[in-house]
Amino acid sequence: MRMAMAAGLALAVMAGGHALAEGPVGLWKTAEGDDGRFLHVRIAPCVEDAGLLCGTVDGAFGGADAATIGRALIWDMAPDGPQRWDGGKVWAADEDEVYSAKMAMAGADTLTLSGCILGGLICRGQDWTRVVE
């Protein structure tokens with residue numbers, strides 16, 4: 001039994017850890033803005049409710065405002081089907097606006113995040129890339 005568990009763990013590590021990192025939990029690079037700015041966002045279960053997902057700015061690059069590090073960027077994302085989350089909020093750093101948000105995995109290393117305001121009249125989205133730690 002121990003041999004099988006060790007073999008399974010070895011396969012997961014050789015696969016780049018993706019078997020251990022399913023879903024959006026982990027570190028993500030936001031899409032780069034036209035000016036080259038981007039953030040790293042760490043997604044984890046929310047402190048207040050572990051059934052929901054939250055994301056916090058973990059790094060600022062390309063001239064992005066370092067004062068955003070530690071700020072909540074995503075909160076209260078609830079499961080909404082396989083590899084999909086909805087009902088949360090996202091803070092758009094470039095506009096200092098909060099949008100209703102949803103997100104979905106697009107493969108193991110891409111997270112599609114979108115946000116809307118005014119009841120869905122104005123929406124925008126980004127594809128984020130998993131950061132290998």
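Let me open with strand β8, which contributes four residues to the lining of the largest pocket, the most of any element. Please bear in mind throughout that the model is a predicted one.

The pocket itself holds about 600 Å³ of space. Its lining is made up of 26 residues, and those closest to the pocket centre are A92, A93, D94, R124 and Q126. Which elements give two or more residues to this lining? They are β2, spanning 38-45, β5, spanning 84-92, β7, spanning 110-117, and β8, spanning 122-130.

As to chemical character, how does the lining divide by class? Twelve of the lining residues are nonpolar, seven are polar and seven are charged.

I turn now to the protein chain as a whole. Its secondary structure consists of one helix and eight strands. In sequence order, the pattern reads α-β-β-β-β-β-β-β-β, so to speak the helix and then the strands.

The chain has 133 residues, and 30% of them count as buried. The accessible surface amounts to about 7900 Å², with carbon and sulfur atoms accounting for 59% of that area.

Finally, a word on contacts along the chain. If one takes the contacts between residues at least 6 apart in sequence, 31% of them join residues at least 24 apart.

To return to the starting point, the largest pocket draws on β2, β5, β7 and β8 for two or more lining residues each, and β8 supplies the most. Thank you for your attention.

Note on methods:
Residues numbered from 1 in each chain as written. Predicted model: local features only at pLDDT ≥ 70, side-chain atom pairs only at ≥ 80, totals over all residues. Heavy atoms only, no water. 1 Å grid on protein atoms, 1.4 Å probe; cavity = no way out; pocket = protein on both sides within 12 Å on 5 of 7 lines; lining within 4 Å. Points joined across faces, edges and corners; volume = space filled by probe spheres on them. Nonpolar A, V, L, I, M, F, W, Y, C, P; charged D, E, K, R; others polar. Buried < 20%, exposed > 50% of the residue type's maximum accessible area, 1.4 Å probe, protein only. Contact = heavy atoms within 4.5 Å. Areas by Shrake-Rupley, 256 points an atom, 1.4 Å probe, with all protein chains shown as cover.
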